[in-house]
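Open the model in your viewer and keep the sequence panel in view. The tour below goes from one selection to the next.

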Amino acid sequence: MRTFTINLPNSGNCIMRIQSVLLCCIAIVMLSSCQQEKGNYTSVYQEHAYIFGVWKAPSVKIAKGAIANVSVNIRSESSSDISQDQKTQEQIDTEDNRSEIQPNPDLGSSFETLPIITTAIPEELLPKDDETTDWIRSRQPSTYNPQNIYLDRYVPIEIYPEMYRKYGFQSQAETEYQSPKFGSNPLILLEIFDMGTPENAYGIYSLNSYPLPKFEWVGCKAIVSGKNLWFWKGKYFIQMEGYEIAPGIREGMVELAKVVAKKIQDPPQKIPMLELLPQYIDGSDRLFTSNWVLEQVNKTLPNGLPLMGDGSVGVLARTKYGLKNSRNSYIVFVLRYATTADAKSAYLAYQDALTSGNVTFEKVSQNGAILIDETIAEQQ
């Protein structure tokens, strides 16, 4: 009987070669993808009383898509049956000359202000000693107004008081709490701010937010981060600081927050303007009331910004692109002005600023938006 021997190649080496080839292919695809998404595009458009656009979009396609998305949202949220193109010149002139915000079906629900139910002064909302299980006040409450807010403590004085005033701050009350479980020292500082409107309360709250924060279901969702807790409800912004990090102290902050939230009868609310943005990263949304605020809270925006005047307000948020777990994002923004004429004037001025100095730009034929590659613009 003959015995036949067949020499097969080492199977382990084959697998390693296949793996190497696959890794190289994946790397090439990922590198190609990254190269396609390395742009830095600004695109902006004006429609009705809005200026909207994108900053730091990675590609032309994404920039155009975001602009179109917001435009559709603005049009769909309007309750008017008459399109802008169907209006008479008299109707357009009347809108452009309107001097103040007022109900207007062409502008939609994003111009509606949220209702206010609770109007108590902040001091009345601070939890009393018999309203919590273990926490009692360690001192009498202090109160502040727009003139003396934060003048008695060490904070960046040129930023914080002015930031609150820019958001319509009315009054504030605060006190400290202690618990027999943790000795006799104060361990929690609780501050309640009357911001005048729910929009203002959300605005100052949004500055404390960050992408994908950890929430407690208190008020309109309380952010808990380290030794701090923030939430808003009605026209009030509430913030707390625990002087030490311990589970019992954090539980005490949540308990105090629930007591305050219960005293505020307003239901949890959402800002209507946020509905104009495409799907965004939770916690990246912001509401701002002036260019100064926007520049203070976000140092990575383009140098030129649309000029915001009296009666204007803006929202922005970050939107992901690329792989599902990618950290890459770009900014979508919407500014709302008091009148269509104000928006048109601000848009033309912003357009001139963006395209000055022979900067190359494209007019997007779909809706008249302008598109600029900031990478090229910075080199010119």
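The stops that follow are a strand with its two partners, and then a single residue in another strand.

This is a predicted model, so no experimental density stands behind the view.

**Stop 1: strand β15.** Select residues 369–373, which form strand β15. Is this strand mostly covered or uncovered? Mostly covered: 5 of its 5 residues are buried. Colour the two sides separately. A369, L371 and D373 lie on one side, I370 and I372 on the other, and both faces are covered.

**Stop 2: strand β1.** Add residues 41–47, strand β1. Strands β1 and β15 run antiparallel and are joined by 4 bridges. To find the register, pick V44, which stands opposite I370 of β15.

**Stop 3: strand β14.** Now add residues 361–364, strand β14. Here too the pairing with β15 is antiparallel, with 4 bridges. Pick F361: its bridge partner in β15 is I372.

**Stop 4: Q172.** Move to strand β5, residues 171–178, and select Q172 within the strand. Why does Q172 count as buried? Its relative accessible area is 1%, and the cut-off for buried is under 20%.

Next, show what surrounds the residue. Leaving out residues up to four places away in sequence, Q172 touches P122, S142, T143, Y144, I149, E191, I192 and F193. Draw a distance from the C-alpha atom of Q172 to that of P122: the separation is 6.0 Å, although the two residues are 50 apart along the chain. Finally, show the side chain of E174, which makes a polar contact of 3.0 Å with the side chain of Q172.

Terms used:
Residues numbered from 1 in each chain as written. Predicted model: local features only at pLDDT ≥ 70, side-chain atom pairs only at ≥ 80, totals over all residues. Heavy atoms only, no water. Buried < 20%, exposed > 50% of the residue type's maximum accessible area, 1.4 Å probe, protein only. Helix = DSSP H or I, 4+ residues; strand = E, 2+ residues; numbered from the N terminus. Pairing = 2+ DSSP bridges. Contact = heavy atoms within 4.5 Å. Polar contact = N/O pair within 3.5 Å; in protein donor to acceptor, adjacent residues only side chain to side chain.
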